[in-house]
Amino acid sequence: MLRAFRDAFRIPDLQRKIVFTLLLLAVYRLGSAIPTPGVNTAALSNATSGGLFGLISMISGGNLSQFSIFALGVLPYITASIVIQLMTTTIPALEKLSKDGEEGRKKINQFTRYSAIGLGAVQALFFSLFVTSNASYVAVGWTPGLFTVLVMVLTQVAGIAFTMWIGERITEVGVGNGISLIITVGIISAYPREIAATAQLFRTDQVQLLSLLAFIAIILVTIAGIVYVYQGERRVPVTYARARGGAPTAAAGSASAAQSRGAGQATWLPIKVNQAGVIPVIFASAMLIIPNLIASATATRAPEVSAWLNSNLVFGQPLYILLEATLIFGFTYLYNSVQFDPKRIAEQLREAGGFIPGVRPGTPTTEYLGSISSRLSLWGAIFLVVLTVVPQIVQRVTGITTFQFSGTGLLIIVGVALETLKQLEAQLTVRRYDGFISKGRIRGRLNN
């Protein structure tokens, strides 16, 4: 990885791309330090430390706890992208549009942007009403009311639009996926502060050396496990009976089949172990905020129900962990079944003249791919459950709560780092080939 970055800085074009990316990310972090007008950030930070608010705040780099102008950031865009992606597989008009090449993709991206702005406005209204519902969250000199809510909503919508623009510019002109890099930078930005707080616990003898070393070791093992599983894939062998110009796309969560040129040449269809990424964890966290809402609503009318929910269905409790694991399993299978369609892939293989050795085309191929996807979904769900549950157990055992040890955050960081490195290496390879071709042409002209 270090060698790839070193080689990239030796090429002026890639050097400009990297510097441009870093500058835009710096602009994003600068905006993250600017609070939304009318918000008391000191009082609000304590209210967004757990549940879905904590997850959103972690992904946004603490922007939600400070309610900065980029508090929602790219979250509405991510949600809109997931919704549009799911609708593409179920609505014929969108599915046809997705197959219309570059123009179709541009229209779908435009729909995603509009949906993100609309969804962001609704989310901004929700959070603004939450802030103004408690007078302590409102800054001095501001009064909870329609004007304050309107200012907060307009500020957040503008921040969402500007954040999307930054992400798209990084993707088009810079290096890597802009939206993913923004999320990653937001998560990493909180680490220095949390590391300093953890070191302070050790200096004041609030945490033993053995607990701290075990905590660090578990983090390193978790990162190694994420890299191993993230790179893991099942390669289904595919043989093409005739020459073709391209291979069918497997699914959104798995890579496309490699291209082959000659008749009868074999390739493979890769299916990733973790096809769903962190989406099931986000969905599960969103569902688990419902008990908190019920507890708040029944605090006066049914205090015994509210007390039971607050003592059992809170972060780190056994029942909470069990329910979260069950939801992750369910959402993993649901998302993979929508994203990976064995029937569509079997039809694409048959149209391209491809087949899986030992498996007949048509329904047998669909069943074969479906069984593979189901088994991989099981291991992917177990992987996500372990990533979600282990940090909660480790924090309870070691007593280290100052560092936000989140498997979800580490999964995002490692995944984005690996994808960015692949893109960087691909650009380095292209430029090496260009150099070889240019040298060959010059030598040919000299020889002539």
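These are my notebook entries on a predicted model of one protein chain.

**Entry 1: the whole chain**

I began with the overall counts, and found that the protein chain has 19 helices and 3 strands. Of its 448 residues, 44% are buried. I then looked at how contacts are spread along the sequence: among those with a separation of 6 or more, 74% join residues 24 or more positions apart. For the surface, I noted that the protein chain exposes about 23200 Å², and that carbon and sulfur atoms supply 65% of that area.

**Entry 2: the sheet**

Next I turned to the strands, and recorded that the 3 strands form an open sheet in the order β2-β1-β3, with antiparallel pairing. The edge strands are β2 (266-272) and β3 (354-355), each of which pairs on one side only. Helix α18 (residues 363-398) packs on this sheet, where the helix touches β1 and β2, and I noted that its direction makes about 165° with that of β1.

I went through the two pairings of β1 separately. With β2, strand β1 is joined by 7 bridges in the antiparallel sense, and within this pairing I located proline 237 opposite tryptophan 268 of β2. With β3, strand β1 (residues 233-240) pairs over 2 bridges, again antiparallel. On that side I found phenylalanine 355 of β3 as the bridge partner of threonine 239, while tyrosine 240 stands opposite glycine 354 of β3.

**Entry 3: helix α12 and the nonpolar patch**

Is threonine 222 buried or exposed? I placed this residue in helix α12 (residues 209-231), and its relative accessibility is 14%, so threonine 222 counts as buried, the cut-off being under 20%. Setting aside residues up to four places away in sequence, I listed its contacts as Leu387, Phe405 and Leu410. Since helix α18 spans residues 363-398, I kept that range at hand when reading this list.

I also looked for nonpolar side chains on the surface, and found a patch formed by Phe202, Leu209, Leu213, Ile216 and Leu220, with about 460 Å² of accessible area together. Helix α12 gives the largest share of the patch, namely 4 residues. Phenylalanine 202, another member, has its place in helix α11 (residues 191-203). This phenylalanine counts as partly exposed because its relative accessibility is 32%.

**Entry 4: glutamine 66**

Which residues does glutamine 66 touch once its neighbours within four places in sequence are left aside? I found Ser32, Pro35, Val39 and Thr41. Glutamine 66 lies in helix α5 (residues 63-66), and I noted it as partly exposed because its relative accessible area is 34%. I also checked one distance, and found that the C-alpha atoms of glutamine 66 and alanine 43 are separated by 9.2 Å, with these positions 23 residues apart along the chain counted as their separation.

**Entry 5: salt bridges**

How many salt bridges does the structure hold? I counted 5, and wrote up three of them here, beginning with aspartate 13 and arginine 16, whose closest N and O atoms are 3.9 Å apart. That distance falls within the 4 Å cut-off, so the pair counts as a salt bridge. Both residues lie in helix α2, 3 residues apart, which is about one turn of the helix. Aspartate 13 is partly exposed because its relative accessibility is 29%, whereas arginine 16 is exposed, with a relative accessible area of 55%. I placed arginine 16 in α2 at residues 12-32, and noted that arginine 16 and glycine 174, although 158 residues apart in sequence, are 8.0 Å apart from C-alpha to C-alpha.

The second pair I examined is glutamate 172 with arginine 169, whose side chains meet in a salt bridge at 3.2 Å, N to O. These two residues share helix α9 (residues 146-173) and are likewise 3 residues apart, about one turn of the helix. Glutamate 172 counts as exposed because its relative accessibility is 54%, while arginine 169 is partly exposed at 29%.

The last pair in this entry is aspartate 341 with arginine 344, a salt bridge with an N to O distance of 3.5 Å. I noted aspartate 341 as partly exposed because its relative accessible area is 27%.

Terms used. Residues are numbered from 1 along each chain as its sequence is written. This is a predicted model: local features need pLDDT of at least 70, side-chain atom pairs count only at pLDDT 80 or more; totals for chains, interfaces and linings use all residues. Side-chain values use heavy atoms; hydrogens and water are left out. Buried means under 20% relative accessible area, exposed over 50%, partly exposed in between (1.4 Å probe, protein chains only). Contact means heavy atoms within 4.5 Å. Two strands pair if DSSP finds at least two bridges between them. Axes are lines fitted to C-alpha atoms, for helices over the stretch in contact, and angles run from 0 to 180 degrees between N-to-C directions. Patches are made of residues with over 30% relative accessible area and no salt bridge: like charges are joined within 9 Å, nonpolar side chains (Val, Leu, Ile, Met, Phe, Trp, Tyr) within 5 Å. Accessible areas come from the Shrake-Rupley method with a 1.4 Å probe; for residues, only the protein chains shown count as cover.
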